[in-house]
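Reader: I would like a close look at one part of this model, at the level of individual side chains. Please take one charged pair and then follow it outward into its surroundings.

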Amino acid sequence: MTYVLVAAVIAVVVFMFIFGRGGVSSCKKLPRLIMYKLIYSDTHSGTKGEEDAYRGILYSPKYDLQGKPDMIYRHRLTGNIIIVEIKSGNCDWPHEGDMLQVGTYMLIVEDIYLKRPKKAYILYKNNCFVVRNTHSLRNDVLDTAQRMRDMLITGEEEPNASFANCRHCVCDGTVCEFSQGE
């Protein structure tokens with residue numbers, strides 16, 4: 001019995017190490033998506049007669065969310081869907097806002113295409129990250145969306161000020177009462 005418990009703990013630790021923190025892991029570059037077909041792109045015009053499939057804002061009535069992912073691919077055999085989001089800057093680890101953005105796209109795509117994406121890719125100039133569609137990410141997206149809706153109604157929001165959240169903010173050292181700068 002003790003060996004089984006020890007083996008289970010080791011398996012959990014290895015699983016967490018392999019998949020990184022919070023369902024995010026680094027990859028060297030976007031894998032070749034040979035068996036995937038591009039089904040949506042906010043920049044690609046599509047082939048003749050398919051233009052509408054590639055453009056426009058995607059809207060999820062179930063979650064009342066909308067967005068424009070950079071690319072959505074569908075596997076030709078399994079139907080699995082992968083979202084690819086391209087960022088213009090460099091990054092050593094995905095920003096929280098970027099994670100919420102792809103999490104939002106995962107919810108929208110699930111509602112529209114009736115297939116839950118297992119993962120998405122965030123491509124920065126210097127890194128590529130795989131973001132798994134975890135319950136934690138989904139809950140973070142839904143909680144954030146609800147807080148934003150509440151803020152639109154009340155005009156108030158509880159600040160989430162901290163060094164990590166504020167160090168790159170454009171308001172740091174200016175008008176913000178939570179500013180870390182001088």
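Author: E110 counts as buried, because its relative accessibility is 18% and the cut-off for buried is under 20%. The model is a predicted one, and the values here are computed from it. The partner of E110 is R138, and the two form a salt bridge whose closest N and O atoms are 2.7 Å apart. R138 lies in helix 4 and E110 in helix 3, so this pair ties together parts that are 28 residues apart in sequence. R138 also counts as buried, at a relative accessible area of 12%. Salt bridges that share partners also make a network, which joins E85, K87 and D98. Within that network, K87 pairs with E85 at 3.7 Å between the closest N and O atoms. Both K87 and E85 are buried. As a general point, side chains of opposite charge can pair when their charged atoms come close.

The structure holds 4 salt bridges in total. One of them joins R149 to D64, with 3.8 Å from N to O. R149 lies in helix 4, whereas D64 sits in the loop between strand 3 and strand 4, so this pair ties together parts that are 85 residues apart in sequence. Helix 4 therefore supplies R138 to the pair with E110 and R149 to the pair with D64. The surroundings of the two pairs are not alike in exposure: R149 is partly exposed, with a relative accessible area of 25%, and D64 is partly exposed as well, at 43%. By contrast, R138 is buried, and so is E110.

D64 has a second feature. Its phi is near 55°, a positive value in a residue other than glycine. The loop that holds D64 runs between strand 3 (58–60) and strand 4 (65–67). L114 also has a phi near 55°, again positive and again in a residue other than glycine. This residue is placed in the loop between helix 3 and strand 7. L114 is exposed, with a relative accessible area of 73%, while D64 is partly exposed.

Now the nonpolar surroundings. The largest nonpolar core has 26 residues, and L65, I72, I83 and V131 touch the most other members. Elements giving two or more residues to this core are strand 2 (36–41), strand 6 (81–86), helix 3 (96–113), strand 7 (119–123), strand 8 (128–132) and helix 4 (135–154). Helix 3 gives the largest share, 8 residues. The two helices bridged by R138 and E110 are thus both among the contributors to this core. Apart from this core lies another, of 12 residues, with Y36, Y121, L123 and C128 among them.

I83 gives a view of the larger core at one position. Leaving aside neighbours within four places in sequence, the contacts of I83 are P69, M71, I72, Y105, M106, V109, P117, K119, A120 and Y121. One of these, I72, is listed with I83 among the residues that touch the most other core members. Y121, also in contact with I83, is a member of the 12-residue core.

Strand 2 is one of the contributors to the larger core. Of its 6 residues, 5 are buried, so strand 2 is largely enclosed by the rest of the structure. Strand 2 is joined to strand 5 (residues 71–75) by 5 bridges, and the two strands run antiparallel. One position in this pairing is L38, whose bridge partner in strand 5 is Y73.

On cysteines, a search of the whole structure finds 0 disulfides. C128, named above in the 12-residue core, is buried, with a relative accessible area of 2%. C91 is buried too, at 6% relative accessibility.

The wider setting is as follows. The protein chain has 5 helices and 8 strands, and along the sequence they follow the pattern α-β-β-α-β-β-β-β-α-β-β-α-α. Of its 182 residues, 35% count as buried. Among contacts with a separation of 6 or more, 60% join residues 24 or more positions apart. The accessible surface comes to about 12,300 Å², and carbon and sulfur atoms hold 58% of it.

Technical notes:
Residues are numbered from 1 along each chain as its sequence is written. This is a predicted model: local features need pLDDT of at least 70, side-chain atom pairs count only at pLDDT 80 or more; totals for chains, interfaces and linings use all residues. Side-chain values use heavy atoms; hydrogens and water are left out. Helices (H or I, at least four residues) and strands (E, at least two) are DSSP runs, numbered from the N terminus. Buried means under 20% relative accessible area, exposed over 50%, partly exposed in between (1.4 Å probe, protein chains only). Contact means heavy atoms within 4.5 Å. Accessible areas come from the Shrake-Rupley method with a 1.4 Å probe; for residues, only the protein chains shown count as cover. A nonpolar core is a set of buried Ala, Val, Leu, Ile, Met, Phe, Trp, Tyr and Cys residues joined through side-chain atoms within 4.5 Å. Two strands pair if DSSP finds at least two bridges between them. A salt bridge is a side-chain nitrogen of Lys or Arg within 4 Å of a carboxyl oxygen of Asp or Glu. A disulfide is a pair of cysteine sulfur atoms within 2.5 Å.
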